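Subject: The two-chain model, handed over

Hi,

Here is the structure I promised you, with my notes underneath. Have it open in your viewer while you read.

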Amino acid sequence: MLEPLLGSQDAERALLYLYCLGEGYPRQMARTWGSTFSAMQKQLERLEAGGVVYSRRLGRTRLYRFNPKYPFLAELQTLLARALTFYPDAERQSLLMQRQRPRMAGKPL
Amino acid sequence: MKPVREMTEAELAAFVGQHLRERGIRVVLSGGMCVTIYARNAYVSGDLDFVPEVFVDRRKVSAALLEIGFEHHGRLFKHPESPVWVDIRTPPLAVGREPVKQICELVFPTGTLRLISPTDCAKDRLANYYYFNDRQCLEQARLVVEHTDVDLAEAERWSVQEGQEARFAQVKESLLEAERHREQRSAARQTE
């Protein structure tokens with residue numbers, strides 16, 4: 001949807017992921033979208049260099065979020081919300097319906 | 001011209017900023033080094049964060065910095081004679097979600113440095129406190145207020161615009177106290 005603007009489908013996917021779920025790491029995003037880790041990571045690094053997202057280390061993974069200081073954040077999120085309505089139901093649901101609630105350590109399910 | 005190894009951080013910033021400007025790249029210093037300058041070295045930053053006023057090809061920036069002896073370290077630059085890192089950020093020049101309107105200029109023997117104003121510097125530090133809960137940045141904002149004239153009414157207006165009215169209210173007294181310290185010092189100097 002926004003690929004002509006963002007220059008990359010993976011950039012769009014990474015931003016949509018963050019818009020829907022608030023935070024994420026490249027491998028998790030790549031798995032959700034059926035993309036590759038390296039492609040997703042490259043786009044996230046590019047977005048971070050541009051100040052759109054920020055990251056912090058959590059153990060061995062790098063967790064990304066929208067940069068709350070990005071001056072066009074509200075407008076970007078409006079655009080992403082609009083783009084999301086054009087996604088097929090199945091893709092939208094698979095993104096939105098990911099488990100977000102905590103799971104106690106040691107619990108099998 | 002002083003050798004790079006003898007330059008203070010501010011002189012190095014002026015040297016780099018002026019050289020980039022002479023190459024057609026208009027940059028403004030932002031970030032922690034502005035705190036170092038405005039707080040009279042009460043806080044020492046290890047890097048120079050420059051933001052171009054308009055988009056600029058990184059290859060052009062890179063070529064300009066290599067001319068004065070800087071070397072690439074990933075997306076950062078460093079001069080072999082200085083421990084200071086140089087980062088050329090992506091525009092726009094903003095404080096929180098607002099564009100920066102006022103650019104200040106300070107003249108050093110190494111060049112003219114263009115940088116964000118003391119008020120925008122304090123706001124920039126407060127943004128890091130608001131959004132990342134970074135208490136070091138709150139202390140840096142306080143240091144800037146304690147050493148330089150900061151428009152706290154403007155900082156409050158901006159905080160409200162950012163949706164951070166309640167957070168500003170929590171730190172307002174501490175900032176006002178810093179402002180009183182500065183005014184008392186200034187009055188004491190005048191009576192000496």
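Let's start inside chain B: which residue forms a salt bridge with B:E98? The partner is B:R157, and the closest N and O atoms of the two are 2.9 Å apart. The pair ties together distant parts of the chain, since B:E98 sits in strand β7 (residues 98-99) and B:R157 in helix α6 (residues 152-161), 59 residues apart. Before you go further, bear in mind that this is a predicted model.

Is B:E98 buried or exposed? It is buried, because its relative accessible area is 19%, and the cut-off for buried is under 20%. B:R157 has 36% relative accessibility, so this residue counts as partly exposed.

Another salt bridge in chain B joins the side chains of B:R142 and B:E139, at 3.2 Å from N to O. Both are in helix α5 (residues 135-147) and 3 residues apart, so about one helical turn separates them. B:E139 has a relative accessible area of 36%, which means that B:E139 is partly exposed. Chain B also has a network: salt bridges with shared partners connect B:E98, B:D120, B:K123, B:E154 and B:R157.

Chain A has a helical pair too. A:R13 and A:D10 form a salt bridge, with 3.7 Å between the closest N and O atoms. They lie 3 residues apart in helix α2 (residues 9-21), about one turn of the helix, and both A:R13 and A:D10 are buried. Over all chains, the count of salt bridges comes to 24.

Now for where the chains meet. On the chain A side 10 residues are in contact with 11 residues of chain B. Between them the two chains bury about 890 Å², and 62% of that is on carbon and sulfur atoms. Which three residues of chain A supply more of its buried area against chain B than any other three? They are A:P68, A:K69 and A:P71, which supply 59% of it.

A:K69 turns up again in a salt bridge, where its side chain meets that of B:D124 at 3.7 Å, N to O. The rule finds 1 salt bridge across this interface, and 3 residue pairs are in polar contact there, with both residues at pLDDT 80 or more. The chain A residues that touch chain B divide into 6 nonpolar, 2 polar and 2 charged.

As for the fold of chain A, there are 6 helices and 3 strands, and along the sequence they follow the pattern α-α-β-α-α-β-β-α-α. The C-alpha trace spans about 45 × 30 × 25 Å along its principal axes. Chain A has a radius of gyration of 14 Å, which agrees with the value near 13 Å for a compact globule of 109 residues. Buried residues make up 39% of chain A. Of the contacts in chain A with a separation of 6 or more, 50% are between residues 24 or more positions apart.

One last spot to look at in chain B is B:P91, in the loop between β5 (85-88) and β6 (94-95). Leaving aside neighbours within four places in sequence, B:P91 is in contact with B:V51, B:P52, B:V54 and B:F55. B:P91 and B:Y130, 39 residues apart in sequence, are 21 Å apart in space, C-alpha to C-alpha.

Over to you!

Methods: Residues numbered from 1 in each chain as written. Chains lettered and ligands numbered in written order. Predicted model: local features only at pLDDT ≥ 70, side-chain atom pairs only at ≥ 80, totals over all residues. Heavy atoms only, no water. Contact = heavy atoms within 4.5 Å. Buried area = accessible area lost by both parts, 1.4 Å probe. Salt bridge = Lys/Arg side-chain N within 4 Å of Asp/Glu carboxyl O. Polar contact = N/O pair within 3.5 Å; in protein donor to acceptor, adjacent residues only side chain to side chain. Nonpolar A, V, L, I, M, F, W, Y, C, P; charged D, E, K, R; others polar. Helix = DSSP H or I, 4+ residues; strand = E, 2+ residues; numbered from the N terminus. Rg over C-alpha atoms; globule rule 2.2 N^0.38 Å. Buried < 20%, exposed > 50% of the residue type's maximum accessible area, 1.4 Å probe, protein only.
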